[in-house]
Amino acid sequence: MANVTNLNVNGKKLRVNVDSQTPLLYVLRDHLNMTGTKYGCGESKCGACTVLVDGQVMRSCVTPVSRVGGKQVTTIEGLEKDGKLHPLQEAFLKADALQCGFCTSGMIMAAAGLMNKNPKPSRDEIVKHMDANVCRCGAYARIVNAIEIAAGTAKEVAAHE
Amino acid sequence: MNDGKDDLELEQERYELFADPTYNFGFDRRQFLKAFTGGIAMIVPMSNLIARTLQQDQGESGGRFNQRVPQEVGAWIHIEESGTVSVFTGKVEIGQNIRTSLAQAVAEELHVPLTTVRLVMADTDLVPFDMGTFGSLTTPMMAPQLRRAAAAARETLISLAAEQWKVDTNSVRIVDARFVNHDASKSLTIAEVAKGQKLVKTIPADIKTTPVSEWTIAGKSVPKVDGRDFVTGKHQYTSDVKRDGMLYGRVVRPSALNASLESSDTKAAEAMQGVVVVRDGDFMGVTAPDLQTAIRAEKAIAVHWKAPGQPGNEELFDYLKQNATRRPGRPVGSIVDGMAAADKKLSQTYTVAYIAHAPPEPRAAVAEWTDGKLTVWTGTQRPFGVKSELAEAFHIPEEKVRVIVPDTGSGYGGKHTGECAVEAARLARASGKPVKLVWTREEEFHWAYFRPAGVIEVNSGVKNDGAVTAWEFQNYNSGGSGIQVKYDFPNQDIRAHGSKSPLRQGSYRGLAATANHFAREVHMDELAQLVGMDPVAFRLKNIKDPRLKAVLESAANTFGWGKKKTEGRGYGIACGFEKGSYIATAAEISVEPKTGAVKPERVVASFECGAIVNRLHLHNQVEGAVVQAIGGALFEKIEFKNGQILNGRFARYRVPRFSDMPVIEIVLLDRKDLPSAGAGETPIVGLAPAVGNAIFDLTGKRIRSMPLTG
């Protein structure tokens, strides 16, 4: 059943030897030791497992690894460049857009996917796009604020200047 | 049996404290001294932390803890010889940000930058016993004691510096984390003072801490201390922990709650490479070198379960009343006289559904046995409780168990127990390797525990001028938190009865305070309507407590209560008190005409919990509570039948999402003259009744069940 899949994760070429039906989430977490991407529900309903595939939002818990062969996979670990945080990561800290932080990776990746196609989303567009991601601590308003800060459209003053 | 009050109050916290600590704490003063190598340690005796509880309890609920006052170490601050400041506490970080707020408290008193303070939390081999992180107790109890310990450590360091310089202690000050003499001609770092010391002290009784008004670090809004690890995905939750040779576990779940294992066929699973099948009584599980194989093995096992017939949603509320264990109350005045004095009377019944915590991180554990010692990484709010659970489950002494709690993907009261830890440890013992077990979302919904469902009956009498003359309030099953009134009712009979719960139930953010506030505040609205009064004026007529009055007036004013009304919008308000803090919530709602879906459009929450420790984090806690409350108020409800949970997945169990967010305005009343109470729970209680009352305002339909649209 084992299959070799060629992957490109965060710009690195990798080969994994796993059943081709294995969800990308577990390949990342268990085989590649990239645990920033989280399991939350296993049925694409909470967004904790969100990654980008060729820049598009994808739920890694329901995506067989074979489907991303040869494509560019970006995870939360791939956003920081040369020790410098991605603007969304900066903004999440600035707006205090996390409490327990378990949904944060998925939130940031979902927001990154949104900004790839729409660099200055309106508040309604943010809410609509992010609605598939669940935060149980209730940080929604601050997450919206963080995305607006990253997009340069924030009207409200961030929590920490 | 006591006078009834104790009984009632014990009932209040039955879920929080269902597993009493065994007092085999494993970290007493002697062991502490053995582990201590050098520098300066300032100990917070356990009795200081307990004494606060006792004091608070006697004021509010009768002193449960007086049997359990061990002379033990409760927490300590260690100034290492390197100058590093470490704080050791058994509290856990689950998103409430105490890793930051406790560090702030210590940095404040030590006069050192926040970044120099490190918190060692919830590792049972490293930190002293702690009952658990619940009940909104960290801020009122742990924080002030750590502040006192830090102040005492500072005074000790100052006298050591003075000794070195042979000057009077009064001439030594701390400026920017350095000790300086009177003319600042000499200075020493903390490391230079702590070096070569081996000093263990207990906080002197007369130590003074910095008044809130002079705080420069504590109480300020600062980002989460290790926030960067979270936004980069580097923080390791339990489910991210990996050990050498680690296997992956899965548990074969019963067909229904309370089912027993009749027979099984495990041959196919056992034939799989690397798979170990474990059966122990009704427990059946597998381990495999990778998760996918473990899942295949679990599915390959055929099990015949036998389950008894069990009640479901439809008969739930009758069942709870029929199986009630009635408890006496402690009536105030006379209900008979109060009813006789009333112009109008009202009897109504309110119900509350079971709901799930659905924490973002499902239960997870990594268990490892080394030379007969068990180490388990797991997300729990009660590390020492889970340690006891493990010791008991495996019949080993407590010192053979270590529980480590990585900062966890939240709990909301749902992670007081150690099921997953016990299961992982059982699998690890059978396979001889470390085992990781992460519950699926479905398992989390089915096999954790729920916020209790309940039936509440209210009988009341009111005069035409709005004065409530009689208040009879009986809660079946959901519990006694928040059941006592802060209204000035002359005749009261308030009781919380136990019952036989068809589902496993336990703590939840706010406990029964949500149910009790829902029933009380909806009933208050009904009484206001009955006597033709405005809901705010009616409440004020019955309030003497100035703090309750203050939050209610604040919420009403900020909301613009009674001013402009928009077509198609409904307005409702509620107020209350629990765990030392006061909340008033006002809500504006709309109803989608086609679907009947209720949308909170705007919410104002006024909250007062004494002196504010960290305004930003407090704001976040209040906001988070309002958001979480929307779920229980409007749509969260566990559906079940015959021991099966019918909607235990995110696809079927609706939780609040971005599009459910109202505009939220939070008013924090800062009472610098009052001690800080915890704030993680109470703000959740006001939303459901405010929204319910707003639905009535808009539609004329009175809904007496939570969820309101369920």
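Two strands count as paired if DSSP finds at least two bridges between them. Helices (H or I, at least four residues) and strands (E, at least two) are DSSP runs, numbered from the N terminus.

This is a predicted model: local features need pLDDT of at least 70, side-chain atom pairs count only at pLDDT 80 or more, and totals for chains, interfaces and linings use all residues. Residues are numbered from 1 along each chain as its sequence is written, with chains lettered from A and ligands numbered from 1 in the order in which they are written.

**Exercise 1.** Work out the order of the open four-stranded sheet in chain B, and find the residue opposite B:R569.

*Solution.* Start with the order, which is β24-β25-β26-β29 in chain B, with mixed pairing. Next, pick out the edges: β24 (569–578) and β29 (663–669) of chain B each pair on one side only. From one strand to the next the twist averages 15°. Now zoom in on β24(B), which runs antiparallel to β25 (581–591) of chain B over 10 bridges. In that pair, B:R569 faces B:S590 of β25(B). Finally, add the helix: α19(B) packs on the sheet and touches β24, β25 and β26 (598–608) of chain B. The direction of α19(B) makes about 155° with that of β24(B). Touching here means contact, that is, C-beta atoms, placed from the backbone, within 7 Å. Angles run from 0 to 180 degrees between N-to-C directions, and axes are lines fitted to C-alpha atoms, for helices over the stretch in contact.

**Exercise 2.** Describe how α15(B) packs against α19(B).

*Solution.* Take the geometry to begin with: α15(B) and α19 (687–699) of chain B pack at about 30°, with axes 8 Å apart. So α15(B) is roughly parallel to α19(B) (under 35 degrees is roughly parallel, over 145 roughly antiparallel, 65 to 115 roughly perpendicular, the rest oblique). Then list the partners: α15(B) brings B:T514, B:H517, B:F518, B:E521, B:V522 and B:D525, while α19(B) brings B:A688, B:P689, B:G692, B:N693 and B:F696. Sorted by class, that contact has five nonpolar, four polar and two charged residues. The classes go like this: Ala, Val, Leu, Ile, Met, Phe, Trp, Tyr, Cys and Pro are nonpolar, Asp, Glu, Lys and Arg are charged, and the others, Gly among them, are polar.

**Exercise 3.** Compare the surroundings of B:D176 and B:L511, where phi is positive.

*Solution.* Recall the background: most residues other than glycine have a negative phi, and most peptide bonds are trans. For B:D176, phi is near 50°, and the residue sits in the loop between β5 (173–175) and β6 (178–180) of chain B. For B:L511, phi is near 45°, and its place is the loop between β23 (492–497) and α15 (513–530) of chain B. Now count neighbours: B:D176 has 9 other C-beta atoms within 10 Å, so it is exposed, whereas B:L511 has 30 inside 10 Å and is buried. The cut-offs are 20 or more other C-beta atoms within 10 Å for buried, 12 or fewer for exposed, and partly exposed in between, with C-beta atoms placed from the backbone.

**Exercise 4.** Break down the side of chain B that touches chain A.

*Solution.* Count first: the contact takes 49 residues from chain B and 44 from chain A. Then look for the contributors: α7 (227–231), α9 (291–300) and α18 (615–635) of chain B each supply at least two residues of chain B's side. The largest share, eight residues, comes from α18(B). By class, chain B's side has 20 nonpolar, 18 polar and 11 charged residues.

How values were computed. Two residues are in contact if their C-beta atoms, placed from the backbone, lie within 7 Å.
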